[in-house]
Amino acid sequence: MRVAEFIDLALYHPELGYYATAPQRSGRGGDFFTSVDVGPLFGQLLAVQLAEMWRLLDRPAAFDLVEAAAGNGRLARDVLDATRANHADFHAAVRLHLVEASARARAAQADTLGPHATRLASSGPDLPASFAGALVANELLDALPPRAVVMREDGLHERVVTLSGDAFVEVDGPPAPPELTAYLDRVGARLERGWRAEVNLAAERWVAGAARRLTRGFLIFVDYGHEAPRLYSASHAAGTIASFSRHASDPAPGGWLKAPGTQDITAHVDLTGVRLAAEREGLETLALLDQTYFLLGLGAADRLGDRTGDEVADLKRRLALKTLLLPGGLGSTHKVLVFGRAVGRPRLKATSFGQRLT
Ligand SMILES: C[S@@+](CC[C@H](N)C(=O)[O-])C[C@H]1O[C@@H](n2cnc3c(N)ncnc32)[C@H](O)[C@@H]1O
């Protein structure tokens, strides 16, 4: 089967898939950390940007806040805790939509949201048919199954998964079909002989679908990845698929093929492909920057000096800032893309420190 089909079954099979069998997979007791696991700070800073977006839309009485890859609703809860405390007018306008593939995670959302559950306008595996406001997706696109290709002497081939004894292995498949070569052409990628790479048509389709449904407002994607010239280069000549179990990545080639359903599988996001998909649907690219600068623009550094009188809580917040901002933490690996429809070209708070991409 194609690499994407294998990953789709391993992650999302309704009974045996990795994400189907637990309400939450990240955090200390899980397999990987996201910015949401670091604590409420990420949601608090995001709330600053969302409140500004609401003001830029002329303070509508109803603002659709769509979170995709919402899991059990922790980020939405952190955002709503912050808007209730600091942006009361905006808070009153929020109509929350949670989009999450895992039924187990969706079932836990009402509990996680607590008092905010009354704001929940919809929860399901698919995006609302249309929305006006803002969509946030933290680490969605890296979780969408990519296809894989390799450049050989006779041209590009798709990579496929097959059995060798009782082990799954990845091998060369037939010549790559036109949709894969067309994608690489679109993003300007030129693979050299021997290079293997991922092509995430699912991510491109997802972004285009979200863009079409946005009638007015913003899309915010946070994920790790690179622009195409770097992603499709000698530095990633073996591709970027990785698996995570108990916070460790299997370093063996093809480690992600082992024990499907028991470990997370991800691939770096092609930021160029995402940007072009949104722009083809008529969206304006408003920001493309490191998470570090995104969060600094939203006042992350000002929070360092906050003192609540609770020394442990204050120390935890400073450590969270370090993880979210400093090189080696999530701030340098994670990038933020912001798109707008019918909002002009506003200079967003999140870009106050410039659009730095490392
Ligand atoms: C890496 S986790 C990120 C969870 C959360 N956003 C966070 O940052 O902690 C990816 C999540 O995306 C969900 N997911 C995968 N494909 C999806 C899709 N097409 N629509 C909505 N959610 C999806 C998975 O079930 C999983 O909960």
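**Contacts, burial and ligand surroundings in a predicted model**

Apart from its neighbours within four places in sequence, V338 is in contact with M53, F218, L219, I220, E284, T285, L286, A287, F294 and L348. The structure described here is a predicted model. V338 belongs to strand 15, which covers residues 334-341. The relative accessible area of V338 is 2%, and the residue is therefore buried, since buried means under 20%. One of the contacts of V338, F218, is 120 residues away in sequence. In space, the C-alpha atoms of V338 and F218 are 6.8 Å apart.

A second buried position is E158, a residue of strand 6 (residues 155-164). E158 counts as buried because its relative accessibility is 3%. The side chain of E158 is joined to the side chain of R147 by a polar contact of 2.8 Å. When neighbours within four places in sequence are set aside, the residues in contact with E158 are R2, R147, A148, V149, V171, D172, G173, P174, P175, A176, P177 and L180. R147 thus appears both in this list of contacts and in the polar contact with E158.

Helix 3 was examined next. The helix consists of 13 residues, 74-86. At 1.5 Å a residue, a helix of this length should span 18 Å, and the end C-alpha atoms are 18 Å apart, so the two values agree. The buried residues of helix 3 are R74, L75, A76, D78, V79, L80, A82 and T83. The cover over these buried residues includes several other helices, namely helix 2 (41-56), helix 4 (88-93) and helix 6 (109-113). Strands also take part in the cover, among them strand 1 (63-68), strand 2 (94-99) and strand 4 (131-138).

The surroundings of the ligand comprise 18 residues, of which Y12, T34, A69, E100 and N138 come nearest. Two of these residues place polar side-chain atoms beside oxygen atoms of the ligand. For T34, the distance from a polar side-chain atom to a ligand oxygen atom is 2.8 Å. For N138, the corresponding distance to a ligand oxygen atom is 2.7 Å. The backbone is involved as well: a polar backbone atom of A101 lies 3.2 Å from a nitrogen atom of the ligand. The ligand taken alone exposes 600 Å², and 90% of that area is buried by the protein.

A69, one of the residues that come nearest to the ligand, is found in the loop between strand 1 and helix 3. A69 is not a glycine, yet its phi is positive, at about 60°. With a relative accessible area of 24%, A69 is classed as partly exposed. A positive phi is also found at H247, where the value is near 70° and the residue is again not a glycine. H247 lies in the loop between strand 10 (242-245) and strand 11 (248-249). The relative accessibility of H247 is 34%, and H247 therefore counts as partly exposed.

Eight aromatic pairs were found in a search of the whole structure. In one of them, the ring centres of Y12 and Y19 are 5.7 Å apart and the ring planes lie at 15°, so this pair is stacked. Y12, which is also among the residues that come nearest to the ligand, is partly exposed at a relative accessible area of 25%. Y19 is buried, with a value of 17%. The rings of W54 and F90 form a tilted pair, with 5.7 Å from centre to centre and 35° between the planes. This pair links distant parts of the chain, as W54 is in helix 2 and F90 is in helix 4, 36 residues apart. W54 and F90 are both buried. In addition, F6, F168 and W256 are linked by ring pairs into a cluster.

A further pair of positions separated in sequence is E192 and V150. E192 is located in the loop between helix 7 (178-186) and strand 8 (196-199). Its relative accessible area is 49%, and E192 is therefore partly exposed. E192 and V150 are 42 residues apart in sequence, while their C-alpha atoms are 9.0 Å apart in space.

Conventions. Residues numbered from 1 in each chain as written. Predicted model: local features only at pLDDT ≥ 70, side-chain atom pairs only at ≥ 80, totals over all residues. Heavy atoms only, no water. Helix = DSSP H or I, 4+ residues; strand = E, 2+ residues; numbered from the N terminus. Expected span 1.5 Å × (residues − 1). Buried < 20%, exposed > 50% of the residue type's maximum accessible area, 1.4 Å probe, protein only. Contact = heavy atoms within 4.5 Å. Near = heavy atom within 4 Å. Polar contact = N/O pair within 3.5 Å; in protein donor to acceptor, adjacent residues only side chain to side chain. Areas by Shrake-Rupley, 256 points an atom, 1.4 Å probe, with all protein chains shown as cover. Phe/Tyr/Trp six-rings, centres within 6.5 Å; stacked < 30°, edge-to-face > 60°.
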